[in-house]
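Trainee: I would like to learn how to read helix packing, a metal site and a core residue in a model. Can we go through one together?

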Amino acid sequence: MSKTKRARRCLRRFQRSLLVGLVALFLCIEWGPLSDERARRGIASGNPFVKEIALTFDDGPRDRGMPELLAALKSLDVPGTFFLVGKFAERYGSITQSIDAAGHEIENHSYTHPKLYTLWVEKIMREAERCNEVMANLAIRSPRFLRPPGGGFNLKIFYALRRMDMRMGLWSVNTADYTGRSAELITADVLKSTRPGSIILMHSGVPATVEALPAIVTALRERGYRFVTLQDLWNNGAI
Ligand SMILES: [Zn+2]
């Protein structure tokens, strides 16, 4: 083989390795490391040995149903964790502030409610950051948890969260209250599925949810449960 041929083959091999290396580097940057990082970056339920649970409300604030929900939580003396959509929080600024003023926890549910897992890391971060900016403009403390719309997530979201120093806030009991189910069905499901550390997924502005709350709270308190925020569950040893 001539020297030129050998040199060309060498060059091609080098180019191929360079390409593989660059692709690997890109994947590392885009998706980030796995395992431990993921465990420290999210919560799907609290400590399984402590009878504490969190009620979480997605998709608010709404133009309807919020005063009723806030009144129900107040009369039951239960703290809620609200995953708000940034653009709605911006539109209904005074409702957002009233959620905060009532002592509930406000967290991040993106700015426009897209399927975050379909976006690139930079876009995912922008969605979360814009929601945080809305809260900052309303003088509300910065959210620490992000709940991806629809609950769909991938490694890109974990990587974005790490860069923003935020955490994923998922759930362990889905009431499916957005499907138009009755208050009785919602109550029965929650009472059947709740365990120590449960994070219960509900939605803002759903009349059946508001109707179900007194029965849920009373029955679970009788079983010895205490209602806390998501941040409390995290602080008390999430899994
Ligand atoms: Zn949602």
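Trainee: Are H3 and H9 roughly parallel or roughly antiparallel to each other?

Mentor: Keep in mind that this is a predicted model. To judge direction, take the angle between the helix axes; angles under 35 degrees count as roughly parallel. The axes of helix H3 (residues 66-76) and H9 cross at roughly 20 degrees and come within 9 Å. H3 and H9 are therefore roughly parallel to each other. Their crossing is right-handed.

Trainee: Which residues in H3 meet which residues in H9?

Mentor: From H3, the contact takes in Glu-68, Leu-69, Ala-72, Leu-73 and Leu-76, and from H9 it takes in Val-210, Leu-213, Pro-214, Val-217 and Arg-221. By residue class, the contact of H3 with H9 has eight nonpolar, no polar and two charged residues.

Trainee: At what angle do the axes of H8 and H9 cross?

Mentor: Helix H8 (residues 183-193) and helix H9 (residues 207-222) have axes that cross at roughly 35 degrees and come within 8 Å. H8 passes H9 in a right-handed crossing. On the H8 side, Ala-183, Glu-184, Ile-186, Thr-187, Val-190 and Leu-191 take part; their partners in H9 include Ala-208, Ala-212, Ala-215 and Ala-219. The residues of this contact of H8 with H9 comprise 10 nonpolar, two polar and two charged.

Trainee: Now the metal. Which residues are the protein donors of the zinc ion?

Mentor: For a metal site, list the donor atoms, then their spacing along the chain. Here the zinc ion has Asp-59 (OD), His-109 (NE2) and His-113 (NE2) as protein donors, at 2.0 to 2.1 Å. Water is not among the atoms, so the site may look incomplete. Along the chain, the donors of the zinc ion follow the spacing D-x49-H-x3-H.

Trainee: Is His-109 buried or exposed?

Mentor: Buried means under 20% relative accessible area. His-109 counts as buried because its relative accessibility is 1%. His-113, with a relative accessible area of 33%, is partly exposed.

Trainee: And a core position: in which strand is Ala-54 found?

Mentor: Ala-54 is found in strand E2 (residues 52-60). With a relative accessible area of 0%, Ala-54 is buried.

Trainee: What does Ala-54 touch, leaving out residues up to four places away in sequence?

Mentor: Contacts beyond the local stretch show which parts of the chain come together. Ala-54 touches Ser-198, Ile-199 and Ile-200, as well as Val-228, Thr-229, Leu-230 and Leu-233. By contrast, the C-alpha atoms of Ala-54 and Lys-156 are separated by 27 Å, the two residues being 102 residues apart along the chain.

Methods
Residues are numbered from 1 along each chain as its sequence is written. This is a predicted model: local features need pLDDT of at least 70, side-chain atom pairs count only at pLDDT 80 or more; totals for chains, interfaces and linings use all residues. Side-chain values use heavy atoms; hydrogens and water are left out. Donors are N, O and S atoms within 2.8 Å of the metal (3.2 Å for Na, K and Ca); water is not among the atoms, so sites may look incomplete. Buried means under 20% relative accessible area, exposed over 50%, partly exposed in between (1.4 Å probe, protein chains only). Axes are lines fitted to C-alpha atoms, for helices over the stretch in contact, and angles run from 0 to 180 degrees between N-to-C directions. Helices (H or I, at least four residues) and strands (E, at least two) are DSSP runs, numbered from the N terminus. A crossing is left-handed if the near helix is turned anticlockwise from the far one by less than a right angle, and right-handed if clockwise. Contact means heavy atoms within 4.5 Å. Ala, Val, Leu, Ile, Met, Phe, Trp, Tyr, Cys and Pro count as nonpolar, Asp, Glu, Lys and Arg as charged, and the others, Gly among them, as polar. Angles under 35 degrees count as roughly parallel, over 145 as roughly antiparallel, 65 to 115 as roughly perpendicular and the rest as oblique.
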